[in-house]
Amino acid sequence: MSPSTCSEAGVVDDRIVREVLLPADREEVWEAITRPDRLAEWFGGRVEVDPVPRGRIEHRAPDGSVRRGTVLSADRPLRMVFWWQACEEDDPGRGDGTRVEFVLLEDPEGTLLTVTETSSQGPLPSSLDAASSVAPPLLVAPR
Amino acid sequence: MKDDRSVDAVFFALSDPTRREVIRRLTERPVTATELSAQIPVSRQAIAKHLAVLGEAGLVEPERSGREVRFRLTPRPLGEAASWIDDVGEVWDRRLGALRRHLRG
């Protein structure tokens, strides 16, 4: 049973999906979603992310709230997935986390960025492979 | 933003078609587990498990009337789950708008 399955005519959907067409190539968008100085320009608050598998991510929002988590997969400049959860200061975290996925697709006018945030993710997955295995079909072409 | 754990419990509870059917039945009136198992083609035992999951998510509450226990819908967490969708969606709308402006430079 998968909580994020939107079968049954989409009655249940615990995902937020947003697509935006950005006037920049994928490398530039990748920088904008991974470099702290670029993230500071648009994310709101301060973000630090180490865009490698098992890398750390931390977001300090302007209201003082903190989210921390772990990068599950990073495939420059195609896709980054991380898991994060709300934390108190000096606290390992409370509640279950959410999974955030950025997918960057080439477009004649720039880059199509898709962001998906999924609830019902429970604690940090013990296996990063399992957690990041739901790759979009376009990106899993055979090698 | 609502506590992530309670929102997760609601989404998990809603992820099962039988539990959604239970909720639909309960919107009409409070019913017993036995009545539910007569209306929905699963065993009474299974209904009891589904009611327990719905109870953990705060979506149903037992109420005793005489020797019977009826379950009634307590829909408030549904609104909280919907507001999680709204809150998180709004945050991303704002961020991605800012990202587009940033990249236009």
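**Exercise 1. Confidence at the ends of chain A**

Task: Determine where in chain A of this predicted model pLDDT stays under 50, and which helix has the lowest and which the highest confidence.

Solution:
- Step 1. Over residues 1-11 of chain A, pLDDT stays under 50, and the model has 20 contacts beyond four places in sequence for this stretch.
- Step 2. Residues 133-143 of chain A also stay under 50 in pLDDT, with 13 contacts beyond four places in sequence.
- Step 3. Confidence in chain A is lowest in helix α1 (residues 7-10), with a mean of 35, and highest in α2(A), with 97.
- Step 4. For chain A, the mean pLDDT is 79, and 69% of the residues reach 70 or more.
- Step 5. Where pLDDT is low, the predicted coordinates should not be read in detail.

**Exercise 2. Two capped helices**

Task: For α2(A), identify the residue that caps the N-terminal end and list the buried residues; then do likewise for α2(B).

Solution:
- Step 1. The N-terminal cap of α2(A) is A:Asp25, which places a side-chain oxygen 3.3 Å from the backbone nitrogen of A:Glu27.
- Step 2. Within α2(A), residues 26-34, the buried residues are A:Arg26, A:Val29, A:Trp30, A:Ala32, A:Ile33 and A:Thr34.
- Step 3. In chain B, B:Asp16 caps the N-terminal end of α2(B), with a side-chain oxygen 2.9 Å from the backbone nitrogen of B:Thr18.
- Step 4. B:Thr18 itself is buried, as are B:Arg19, B:Arg20, B:Val22, B:Ile23 and B:Leu26.
- Step 5. The 12 residues of α2(B), 17-28, reach 18 Å from first to last C-alpha, close to the expected 16 Å.
- Step 6. The charged end of B:Arg19 sits over the ring of B:Phe12, at 5.1 Å from the ring centre.

**Exercise 3. The setting of A:Thr98**

Task: Establish whether A:Thr98 is buried or exposed, and state which side chain it joins through a polar contact.

Solution:
- Step 1. A:Thr98 belongs to strand β6 (residues 98-107) of chain A.
- Step 2. Its relative accessibility is 2%, so A:Thr98 counts as buried, the cut-off being under 20%.
- Step 3. The side chains of A:Thr98 and A:Glu117 are joined by a polar contact of 2.6 Å.
- Step 4. Between A:Thr98 and A:Leu112, the separation is 14 residues in sequence and 22 Å in space, C-alpha to C-alpha.

**Exercise 4. An aromatic cluster**

Task: Classify the pair formed by A:Phe43 and A:Trp84, then that formed by A:Phe102 and B:Trp92, and name the cluster members.

Solution:
- Step 1. The whole structure holds 7 aromatic pairs over all chains.
- Step 2. The ring centres of A:Phe43 and A:Trp84 are 6.3 Å apart; because their planes lie at 75°, the pair is edge-to-face.
- Step 3. This pair links distant parts of the chain, 41 residues apart: A:Phe43 is in the loop between α3 and β2, and A:Trp84 is in strand β5.
- Step 4. A:Phe43 is buried at 6% relative accessible area, and A:Trp84 at 2%.
- Step 5. A:Phe102 and B:Trp92 are also edge-to-face, with 5.8 Å between centres and 85° between planes.
- Step 6. Because A:Phe102 lies in strand β6 of chain A and B:Trp92 in helix α5 of chain B, the pair joins two chains.
- Step 7. Relative accessible area is 2% for the buried A:Phe102 and 1% for the buried B:Trp92.
- Step 8. One aromatic cluster comprises A:Trp42, A:Phe43, A:Phe82, A:Trp84, A:Phe102 and B:Trp92.
- Step 9. Over the ring of B:Trp92 sits the charged end of B:Arg95, 4.6 Å from the ring centre.

Key
Residues are numbered from 1 along each chain as its sequence is written. Chains are lettered from A and ligands numbered from 1 in the order in which they are written. This is a predicted model: local features need pLDDT of at least 70, side-chain atom pairs count only at pLDDT 80 or more; totals for chains, interfaces and linings use all residues. Side-chain values use heavy atoms; hydrogens and water are left out. Buried means under 20% relative accessible area, exposed over 50%, partly exposed in between (1.4 Å probe, protein chains only). Helices (H or I, at least four residues) and strands (E, at least two) are DSSP runs, numbered from the N terminus. A polar contact is a pair of N or O atoms within 3.5 Å; within protein, one must be able to donate a hydrogen and the other to accept it, and residues adjacent in sequence count only if both atoms are side-chain atoms. pLDDT is the predictor's confidence in each residue, from 0 to 100. Contact means heavy atoms within 4.5 Å. The expected span of a helix is 1.5 Å times one less than its number of residues. Rings of Phe, Tyr and Trp (its six-membered ring) pair if their centres lie within 6.5 Å; planes under 30 degrees apart count as stacked, over 60 as edge-to-face and the rest as tilted. A charge sits over a ring if NZ of Lys or CZ of Arg is within 6 Å of the ring centre and within 35 degrees of the ring normal.
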